[in-house]
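Open your viewer and switch to a cartoon view. This tour goes from a sheet to a helix, one selection at a time.

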Amino acid sequence: MEKAMATFSASTVTTILLLAASTLYIQGVEGSIGVNYGTVANNLPPPAQVAHFLLESTIVNRVRLFDASTEMLRAFAHTGIAVTVTVTNDQIPHLTNIGFAQEWLKSNVQPHVRTTNIVRILVGNEVISTANKLLIASLVPAMQTLHAALVGASLDRRIKISTPHSLGILSSSSPPSGGKFRQGYDTHVLKPLLSFLRATNSPFMINPYPFFGSSPETLDYALFRTSSGVFDENTNLSYTNMLDAQLDAVFSAMKLLGFSDIEIAISETGWPSLGDSSQVGVDAESAAQYNRNLMQHVTSGAGTPLMPNRTFETYIFALFNEDLKPGPTCERNFGLFLPDMTPVYDIGILRSTVAAANKFHHATYISAKSSIPTNPSLVPSDCTGADLEALQRNIDHLCGLEMQYCTPIQEAGECFLPMVRVHAAFSMNACYQGTGKNDFDCDFETGEISNVDPSMSLSFCTHDNTPTQAHTPLLFLIETLLQEFAISSPFQAASIEGIGACSGLFAMKKRIGSED
Ligand SMILES: *[C@@H]1O[C@H](CO)[C@@H](O)[C@H](O)[C@H]1NC(C)=O
Ligand SMILES: *[C@@H]1O[C@H](CO)[C@@H](O)[C@H](O)[C@H]1NC(C)=O
């Protein structure tokens, strides 16, 4: 290392620091903000332009689509944005047939999984509220069948299945502790549904709209403003906003059926910026206030009175105003953006021009940054925790998914070293680096997101699985870059440390290649 340091060039140092800095900077801006990308309009820009806009100009990193159209899925290719697709309600009865489910997957999802970060399939939307007996009876069987098709395609760990509900599934929602599902649906549909979600580790998804539940008297409560709030006498808990009360009513209903452990995600919520003149609290300022407070609240980790210290995956409705939506004026004015992509109001999801321009070369971060780069990686769980068979299954799965996760660890590959943990560390991390680094990507039960380079974690593990001391991540970065810049012969991995460096080198090459 001493000798290597001597030949180390200044420009390489700069590159290292810039890489470290840019990674950090981008992570700093990104929370987890989802939007519903509805398209009931005749004036919206082409999907590719929209996807590019979301990626480059906003901090939105999740979208929900209302179908699974090829044009849409192509638009989000190589963006890393986590995409949720939808099977439309009319297809639900067919989906109970495994042949149909496999075919649906083959034509709508499989062609895109290498390039588009599809993380979830929603089976229908607000199916119970349709009151259509065939749809309702087919819902859970359709989800189970589609899941079986996902398992068959080895996509079940990456793509989860759920279905969104309106709050109409509750027969009682006040006080929040008294929340109950409608009788009949509770045991016949929701119980099997919740069992399915538990078995597949997927969230229960709901569309709560304080807007539709508010009156002039409760407007402040609905908008997260200071209000007298609501006191629940059963629990002695105080509610300061209506969204919390709605979420807790759903939680109470789930708990009554024995499913308080299932995550809740908000598939839709929003506030219109324009309504008919008789409507109170329908203006851009109120909409901005709702959505801004909403984002702050669901990502803060405050949780709700009955679900403290939690965050909620949330999708704002909607990305655009949609001019062809039927109904009162407000229905066409839920959008954050106008069709020309100018904001209807500001809720802080636009990247500032400066941030966008300097995304990858933000020099001021060089000095602001300490010498330990934080570049999250996906690594196998701790030394003893992950079993080797599961790691081998990950490798097999990834090799089937994408050549770049696999070729370097094949026999002639530059990262070949036939040890399951080493190869798993490489391909799991390559997947994570290659798909945009969301928690949902490359979701392996035997992996965890870490700020330690995967190569470091494997050299932490000696033959008897005890952690050892290793280099600091910065030294590691320098070593790998030195290999790249200063050594002309092909890199040969002759040791665990070498193969570790190889993982990192591969990731660095990818990043240099894609960002410059
Ligand atoms: C709520 O507070 C009242 C009055 O202090 C008390 O009698 C009651 O037991 C409390 N209930 C719960 C569920 O804590
Ligand atoms: C929630 O977080 C607060 C503050 O960190 C802590 O005091 C409290 O015990 C936590 N509650 C639960 C249920 O974890």
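In what order do the strands of the open sheet lie? The order is β5-β4-β3-β2-β1-β13-β12-β9-β6, nine strands with parallel pairing. Strands (E, at least two residues) and helices (H or I, at least four) are DSSP runs numbered from the N terminus; two strands pair if DSSP finds at least two bridges between them.

A note before selecting: this is a predicted model, where local features need pLDDT of at least 70, side-chain atom pairs count only at pLDDT 80 or more, and totals for chains, interfaces and linings use all residues. Residues are numbered from 1 along each chain as its sequence is written, while chains are lettered from A and ligands numbered from 1 in the order in which they are written.

Select 160-162 and 164-166. These are the edge strands, β5 and β6, each pairing on one side only.

Next, take 82-87 and 118-123. Here β3 and β4 run parallel, joined by 5 bridges. Find Thr 86: its bridge partner in β4 is Leu 122.

Now select 185-200, helix α7. Its 16 residues should span 22 Å at 1.5 Å a residue (1.5 Å times one less than the number of residues). The end C-alpha atoms are 21 Å apart, which agrees.

Stop at Lys 191. α7 bends there by about 30 degrees (the angle between axes fitted to the seven residues ending there and the seven starting there). Pro 192 follows within four residues.

Finish just past the helix, at Asn 201. Its phi is positive, near 55 degrees.
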